[in-house]
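Let's take a walk through this fold, starting from a single side chain and working outwards.

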Amino acid sequence: MNPPDGCSTFLVRHAWLALRGVVAEALVQHDLSVAQFASLLMLDEGPGLSVADVARKVSTARQSANEMLGGLERAGLVERRPHPSDRRTQQIFLTGAGRQRLAEAVPTVREVEARLAAGFTAEEIAVVNAWLQRMTEATVEGEEIPTL
């Protein structure tokens with residue numbers, strides 16, 4: 001499928017939706033949604049994020065992120081702690097069970113990505129990843145990105 005008028009956004013959106021569906025199916029065995037998996041991954045890389053931080057990073061509303069994190073908290077995968085300098089904010093951290101669930105799910109997601117990337121060279125994948133990273137970095141830091 002060629003993007004209309006050279007608009008890569010359309011093609012990226014379709015690729016994301018297709019990839020998200022396949023990854024969602026694979027994550028069922030780990031009892032995680034794509035947003036939950038992404039949140040665990042982000043919290044592993046950056047412990048202590050706020051609900052607002054998580055919402056921005058998973059491109060959702062703060063209320064939706066709060067509900068999703070509540071589910072992870074009830075499952076014992078994350079815990080909220082008071083922010084040391086802002087009493088209105090809570091920081092979110094992975095629990096041991098959260099780290100374990102993430103460690104079990106990451107190979108599943110990597111396997112899906114490897115299967116979908118079959119037929120591409122390492123150089124082609126590196127170019128695509130670099131392009132996606134640059135496009136991400138080009139957005140305004142802290143800006144909430146609406147979902148399409």
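At 4% relative accessibility, leucine 102 counts as buried, because the cut-off for that label is under 20%. Keep in mind that this is a predicted model. Leucine 102 has its place in helix 5. If you skip the neighbours within four places in sequence, leucine 102 touches Phe37, Leu40, Leu41, Asp44 and Leu94. Its C-alpha atom is separated by 9.5 Å from that of alanine 38, although the two residues are 64 apart along the chain.

**Around helix 5**

Leucine 102 has buried company in helix 5: Gly98, Ala105, Val106, Thr108, Val109 and Val112 are buried as well. What covers the buried residues of this helix? Helix 1 (8-27), helix 2 (34-45) and strand 2 (90-94) are among the elements that do so.

Helix 2 deserves a second look here. Helix 2 and helix 5 pack at an angle of about 115°, and their axes are 10 Å apart. On the helix 2 side, the contact is made by Phe37, Leu40, Leu41 and Asp44, while helix 5 brings in Gly98, Arg99, Leu102, Ala105, Val106 and Val109. As for handedness, helix 2 passes helix 5 in a left-handed crossing.

**Helix 4 and the length check**

Helix 4 (62-74) has its own set of buried residues, namely Ala65, Met68, Leu69, Gly70 and Leu72. These pack against helix 2, helix 3, strand 1 (78-82) and strand 2. So helix 2 turns up next to the buried residues of helix 4 and next to those of helix 5.

You can also check each of these two helices against a rise of 1.5 Å a residue. The expected span agrees with the distance between the end C-alpha atoms for helix 5 and for helix 4. Each helix is also followed by a glycine with a positive phi: glycine 119 after helix 5, and glycine 76 after helix 4.

| Helix | Residues in helix | Expected span | End C-alpha distance |
|---|---|---|---|
| Helix 5 | 22 residues | 32 Å | 32 Å |
| Helix 4 | 13 residues | 18 Å | 18 Å |

For the glycines, phi is near 95° at glycine 119 and near 80° at glycine 76.

**Positive phi outside glycine**

Why would a positive phi catch your eye in other residues? Because most residues other than glycine have a negative phi. Aspartate 31 has a positive value, near 55°, and lies in the loop between helix 1 and helix 2. Serine 59 also has a positive phi near 55°, and its loop runs between helix 3 (51-57) and helix 4.

Are these two buried or exposed? Aspartate 31 is exposed, with a relative accessible area of 62%. Serine 59 has 22% and is partly exposed, because the buried label needs a value under 20%.

**A charge over a ring**

Now for the side chains of arginine 81 and phenylalanine 93. The charged end of arginine 81 sits over the ring of phenylalanine 93, at 3.9 Å from its centre. As for aromatic pairs, a search of the whole structure turns up zero.

**The whole chain**

Stepping back, the protein chain has six helices and two strands, and along the sequence they follow the pattern α-α-α-α-β-β-α-α. Of its 148 residues, 26% count as buried. Among contacts between residues at least 6 apart in sequence, 49% join residues at least 24 apart.

Definitions and conventions:
Residues are numbered from 1 along each chain as its sequence is written. This is a predicted model: local features need pLDDT of at least 70, side-chain atom pairs count only at pLDDT 80 or more; totals for chains, interfaces and linings use all residues. Side-chain values use heavy atoms; hydrogens and water are left out. Rings of Phe, Tyr and Trp (its six-membered ring) pair if their centres lie within 6.5 Å; planes under 30 degrees apart count as stacked, over 60 as edge-to-face and the rest as tilted. A charge sits over a ring if NZ of Lys or CZ of Arg is within 6 Å of the ring centre and within 35 degrees of the ring normal. Helices (H or I, at least four residues) and strands (E, at least two) are DSSP runs, numbered from the N terminus. The expected span of a helix is 1.5 Å times one less than its number of residues. Buried means under 20% relative accessible area, exposed over 50%, partly exposed in between (1.4 Å probe, protein chains only). Contact means heavy atoms within 4.5 Å. Axes are lines fitted to C-alpha atoms, for helices over the stretch in contact, and angles run from 0 to 180 degrees between N-to-C directions. A crossing is left-handed if the near helix is turned anticlockwise from the far one by less than a right angle, and right-handed if clockwise.
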